[in-house]
Amino acid sequence: MTDIRKVAICGAGGTMGAGIALVAARAGFETWCFDMAPEGLERSRKAAEKFFAKSVERGKMSEEDRAAALSRMHDTTELADLADCDLIIEAIFENLDVKRELFGKLNGICKAETIFASNTSTLSITEIAGGSGRSDKVVGMHFCLPAQVMKLIEMSRGINTSDETFSTAWAWTQAAGQVPVETQDKPGFILNALLVPFNNDVIRAIEAGLATPEDIDTAIKAGLGYRMGPCTLLDLIGLDTQIRLGEAFYPITLDKRAAVPPLLRRMVAAGKLGNKSGEGFLTGLTREKATAAPSFTIRKASESRSFPEGDAFLAAGGDDGAVTVHLGGGFAPDLSKTAVLVELDTECLGVHTGEDMGREGSNAVGFARYRNGNDAPSNLIEIVRQPSTDEAALDAARAVFEAAGFETVVCADQPGRIIDRLVRPKYNDALRFLDEGLASAADMDKTCSMGLGYPDGPVERVTRGGLARHFDVTNAIYAMTGQPGYAPARAAVVAKARAD
């Protein structure tokens, strides 16, 4: 139950504000939609009519409920109309001064009991509350986009937020049909604290020539089961939005991974903003999978992480094939073969073939089937090329695995390949946040699963995969790159010490 009856959304002419208004009206609350731009409110009203009409078509609400929800939505460009609201949620521009100014104005208009909530994704609730004149009644209430579809809300207290305010706001989110999780008033809360640096890592990987955006998305979806690849997400939210998130996040955290990558600025300067401009990271080009493969012979030096005993792939090898597949770390050069495939673990292909200052290339191709610890291996094969790898060898490698039913991606011979390079810093962040008390492990995992569509959360996944294994992987990448994001988190260091 909740004592809140009348709700106002400031910034209801924008995408997020409009979605929050739909949540409130659908749940039965009188909903005032405020925006300074009448045309924005008009767009949101049409979008609301369309959304509720679709809900009726899909059997999610009756025609009577649709009409009632729309009747509860009231548009206004006057702050004075919000005077007797019980809860006001701001979803305006991500700027501290603008948010503080809005709450300051509302403080002189609204009744003393009114709770102010901020939908900020990066700014401090305590700092926003500092301009409100009622800091005990200000709370963080971060919805996920699109708010009318995503149930998760990150709830955070400012230093002065009262227990009564927080519990009342929490009860309202539940009454509105949402699922709240509690997080501390720290930059990015849970969702963006994990997502903003991760997305920047993806952009830097593209800039470094690790892999194409298409192959990065394929790797993340096939290897991790994510509903959406990171490049698809970046194009969806807008590359200019990712810049704003980085610019808000980095000065507060001084985390280099949160700093805006140069490639991102160049793309925005060129007008490539993602879906909103029609051009972003993804090109829309796809490559047909191979259906036939050259004959191959398997050579096994030791136990294979990619293909454990009994794997169907092992039975497909023959004698004296055109391709040799080395499992378990073995490698023997053979230029008579179309390709020599070398299974990799945490090492780079160059460990086997040698380094030639950027001129490396032969018929040797690295590969690894992505596997989280001792989980069953995924359906993804990461294929590793060197600068001058023979294209016929690369095509043969793809064909061997694709004809066997695997998804393949190609990446440069860089530490961590695609998946470990991108997710291991995020796992380190999650473990560090747990140490710092940002949120519980359950709430962090729930936030990623519900807010981002992940099949499992980072704490669950890294724990299931083995913290000692996480140490081995991150420590190997850290040794090769020296980048702080790969320095193993405390829990992984402890797990490794206990295992030894």
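Angles from 65 to 115 degrees between two axes count as roughly perpendicular. Keep that cut-off at hand for the exercises below, which all use a predicted model.

**Exercise 1. Two helix pairs**

Task: Work out how H14 and H16 are oriented to each other, and which residues make their contact.

Solution:
- Start with the geometry: helix H14 (residues 419-436) and helix H16 (residues 458-465) pack at an angle of about 105 degrees, and their axes are 9 Å apart.
- That angle falls in the range from 65 to 115 degrees, so H14 and H16 are roughly perpendicular to each other.
- On the H14 side, the contact is made by Arg424, Tyr427, Ala430, Leu431 and Leu434. H16 contributes Pro458, Val459, Arg461 and Val462.
- Sorted by class, the residues of this contact are seven nonpolar, no polar and two charged.

Task: Now do the same for H7 and H11.

Solution:
- The axes of helix H7 (residues 191-207) and helix H11 (residues 262-269) come within 8 Å and cross at roughly 85 degrees.
- H7 and H11 are therefore roughly perpendicular to each other.
- Ile203, Ile206 and Glu207 of H7 meet Pro262, Leu263, Leu264 and Arg266 of H11.
- By class, this contact of H7 with H11 has five nonpolar, no polar and two charged residues.

**Exercise 2. The buried face of H11**

Task: Find which residues of H11 are buried, and say how they are arranged around the helix axis.

Solution:
- The buried residues in H11 are Leu263, Leu264 and Met267.
- Looking down the axis of H11, you find its buried residues within an arc of 100 degrees, so they line one face of the helix.
- A rule of thumb helps here: an α-helix has 3.6 residues a turn, so residues three or four places apart point the same way.
- Next, ask what lies over these residues: the cover includes H7 and helix H10 (239-253).
- Just after H11, Gly271 takes a positive phi of about 85 degrees.

**Exercise 3. Reading two open sheets**

Task: Give the strand order of the six-strand open sheet and identify its edges.

Solution:
- The order is E9-E10-E11-E12-E13-E14, and the pairing is mixed.
- Strand E9 (296-300) and strand E14 (407-412) each have a single partner strand, so one side of each is left without a neighbour in the sheet.
- Direction ignored, neighbouring strands of this sheet are turned by 25 degrees against each other on average.
- At one edge, E9 runs parallel to strand E10 (residues 323-327), joined by five bridges. Thr297 has Thr324 in E10 as its bridge partner.
- Helix H8 (residues 213-224) packs on the sheet, where it touches strand E13 (380-385) and E14. The direction of H8 makes about 130 degrees with that of E14.
- E13 and E14 run parallel and are joined by six bridges; Val384 stands opposite Cys411 in E14.
- Although E14 is an edge strand, five of its six residues are buried.

Task: Repeat the reading for the open sheet of eight strands.

Solution:
- Its order is E3-E2-E1-E4-E5-E6-E7-E8, again with mixed pairing.
- The edges are strand E3 (73-76) and strand E8 (179-182), each with a single partner strand, so one side of each lacks a neighbour in the sheet.
- From one strand to the next, the twist averages 25 degrees.
- Strand E1 (residues 6-10) and strand E2 (residues 30-34) pair in the parallel sense over five bridges, and Lys6 has Glu30 in E2 as its bridge partner.
- Helix H15 (residues 441-452) lies across strand E7 (152-157) and E8, running at about 140 degrees to E8.

**Exercise 4. Backbone exceptions**

Task: Locate Met357 and Arg417, then decide whether each is buried or exposed.

Solution:
- First, the background: most residues other than glycine have a negative phi, and most peptide bonds are trans.
- Met357 has a positive phi, near 55 degrees, and lies in the loop between helix H12 (350-353) and strand E12 (364-369). With 69% relative accessibility, Met357 counts as exposed.
- Arg417, also not a glycine, has a positive phi of about 50 degrees and lies in the loop between E14 and H14. At 10% relative accessibility, Arg417 counts as buried.
- For a peptide bond, look at Leu145 to Pro146: this one is cis, with omega near -5 degrees. Pro146 is in the loop between strand E6 (138-143) and E7.

Technical notes
Residues are numbered from 1 along each chain as its sequence is written. This is a predicted model: local features need pLDDT of at least 70, side-chain atom pairs count only at pLDDT 80 or more; totals for chains, interfaces and linings use all residues. Side-chain values use heavy atoms; hydrogens and water are left out. Axes are lines fitted to C-alpha atoms, for helices over the stretch in contact, and angles run from 0 to 180 degrees between N-to-C directions. Helices (H or I, at least four residues) and strands (E, at least two) are DSSP runs, numbered from the N terminus. Angles under 35 degrees count as roughly parallel, over 145 as roughly antiparallel, 65 to 115 as roughly perpendicular and the rest as oblique. Contact means heavy atoms within 4.5 Å. Ala, Val, Leu, Ile, Met, Phe, Trp, Tyr, Cys and Pro count as nonpolar, Asp, Glu, Lys and Arg as charged, and the others, Gly among them, as polar. Buried means under 20% relative accessible area, exposed over 50%, partly exposed in between (1.4 Å probe, protein chains only). The arc is that of the directions from the helix axis to the C-beta atoms. Two strands pair if DSSP finds at least two bridges between them.
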